[in-house]
Every structure is written in structure tokens, then in C-alpha cells.
Amino acid sequence: MKTKTVIIVGGGLAGSLTATSLQEQCKVTLFTKKKLTDCNSMLAQGGIAVAMSPDDNWRAHYQDTLKAGVFHNDPAATSLLVKNGVTAIEKMIQQGMAFDQDEQGNWQFGLEGAHSFPGILHCHGDQTGKYLTRFAHEHLAQVEIKENQPVTRLLLGEGRCIGVEYLSETREPTQLYGDAVILATGGIGGLYPLTTNDETITGDGAALAIRAGVA
């Protein structure tokens, strides 16, 4: 029995993968202000850096990532990323996610900037984001998806976020309460006249958090 209710704002890769990992244990509702496919994740052309090549290892990936971030990275978060990234990608592959392979069936690892070894997985060449996000969306079997229903306010109570207010399909302000609220709305790139971001990426999550005074 699902006793916890989780609200996720954002239908890109971050929000969708979070939803898939929680849907077995929790009642999950995912909001997106337009359609699920209107997100930066669908547009991402670069592949995924993951230490799965026989020539690579998580320690080298860790050092490369720190160097690429000019050591502004949080070391603990970076370590968690490069170690757990392998497990996460292997799980997706087991579930049917297909990355590019050579004629012998070996993964085609690309070499990109700041990396010491070829360790970049791609899908259909430069369409990794499109196919990976589609894959995540296909696994939202137990998630209630609210497309075209933008979240307009975080609801607070007892010193914490307890839910969201959103515009329903009839554009009526509606409230939904939950045990946890996760913001996965992307950045602010869509605010600029010249950008490769989707037009929906307008800083909504940051604005919601700032207005509510949450971290």
C-alpha cells in the first residue's frame, strides 16, 4: 500500500527518472506546464559520461569531472555521481534502453572535452536526450501526469512545503497536498532571446522556491 504522496514539478529527465524510482512505493503526481516532451532533456545532443569502458574507472571520471568544473564542484556530490552513474545506466540498459553499438555489439564510447578516456555513451548519434527522455516517459506507468497544468505556488505549513497550487485544465487555481514536493524544472535559458533551451525553461522552479522562502 502506498502511504506517501510525492509531487514532482517538471517532466524532463530529472523529474521523470525520479518519478519512476518512486512510483512503486509512493503515489506520485507529476506536473508539467506544457507537454512532457516540452523540455530541455528532449533537445540534449551530447551523450552520457559514464565509467563503463574497460579503459575507464570512476576515479579517473571523478578527477576529469572536477577539472572540467575548475574544482567548483562539490566533491561529495561528484563522487556520488560518478560511482552511482554506472549502476543507473546499467539498470536502464537492462530495462531496454539501447545505446549505440559497433558491429560486434560493443558500446561505442565517444571522447569529449575534459575526459581522459573515451567514455561517452550516445544514442542515435546526437539524439541521446530525445531517446533517453522518451525511454523515461515510457516507464511512468504508475504516475499521474498533469500536462498543461503549470504550478503557480508552493503551499507552506508548519515550516515546510506541504503541496502546490496549480492551474487546472480549465485554468482554475487548484491545490494538491503531498508529503514531499520535488522541483525539477530546469534553469532559466528560455528567458533569453538567443538560446538552445526549450522555450518553457523560464526559471519557474527557482521563482517558486524564492517566493516561498525554501532552500
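Start by selecting Lys 146 and Glu 144: their side chains meet in a salt bridge, 3.3 Å from N to O. Keep in mind as you click around that this is a predicted model. Color by accessibility and the two partners part ways: Lys 146 counts as buried because its relative accessible area is 14%, while Glu 144, at 38%, is partly exposed.

That's one stop among four salt bridges. Next, pick Arg 153 and Glu 165, another salt bridge, with N and O 3.0 Å apart. This pair links distant parts of the chain, with Arg 153 in strand E6 (residues 151-157) and Glu 165 in strand E7, twelve residues apart. Here the acid is the buried partner, at 16% relative accessible area, and Arg 153 is partly exposed at 40%.

Now jump to Asp 204 and Lys 33, whose closest N and O atoms sit 3.1 Å apart in a salt bridge. Asp 204 belongs to helix H5 and Lys 33 to the loop between E2 and strand E3 (48-49), so to speak a link across 171 residues. Both ends are partly exposed: Asp 204 has a relative accessible area of 27%, and Lys 33 has 27% as well.

Time for rings. There are three aromatic pairs to find. Select Phe 31 and Tyr 166 for a tilted one, 4.6 Å centre to centre with 55° between the planes. Phe 31 is in strand E2 (residues 26-31) and Tyr 166 in strand E7 (residues 160-167), so the pair ties together parts 135 residues apart in sequence. Buried or exposed? Phe 31 and Tyr 166 are both buried. Then show Phe 99 and Trp 107, an edge-to-face pair at 6.4 Å between centres and 80° between planes. Phe 99 is buried at 2% relative accessibility, whereas Trp 107 is partly exposed at 27%.

Stay with Phe 99 and grow the selection: the largest nonpolar core has twelve residues, including Phe 99, Ile 48, Ile 89, Leu 121 and Phe 135. Helix H3 (75-94) and helix H4 (128-138) each supply at least two of its residues, and H3 gives the most, with three. Leu 121 is a good one to center on; among its contacts beyond four places in sequence are Gly 47, Val 50, Phe 99, Trp 107 and Phe 109. A second, separate core of ten residues includes Ile 7, Cys 161, Tyr 166 and Ala 212.

Last stop, the surface. Select Ile 188, Leu 191 and Tyr 192, which make a nonpolar patch of about 330 Å². Leu 191 is in the loop between strand E9 (180-183) and helix H5 (204-212), and counts as exposed because its relative accessibility is 54%.

Terms used: Residues are numbered from 1 along each chain as its sequence is written. This is a predicted model: local features need pLDDT of at least 70, side-chain atom pairs count only at pLDDT 80 or more; totals for chains, interfaces and linings use all residues. Side-chain values use heavy atoms; hydrogens and water are left out. Patches are made of residues with over 30% relative accessible area and no salt bridge: like charges are joined within 9 Å, nonpolar side chains (Val, Leu, Ile, Met, Phe, Trp, Tyr) within 5 Å. Accessible areas come from the Shrake-Rupley method with a 1.4 Å probe; for residues, only the protein chains shown count as cover. Helices (H or I, at least four residues) and strands (E, at least two) are DSSP runs, numbered from the N terminus. Buried means under 20% relative accessible area, exposed over 50%, partly exposed in between (1.4 Å probe, protein chains only). A nonpolar core is a set of buried Ala, Val, Leu, Ile, Met, Phe, Trp, Tyr and Cys residues joined through side-chain atoms within 4.5 Å. Contact means heavy atoms within 4.5 Å. Rings of Phe, Tyr and Trp (its six-membered ring) pair if their centres lie within 6.5 Å; planes under 30 degrees apart count as stacked, over 60 as edge-to-face and the rest as tilted.
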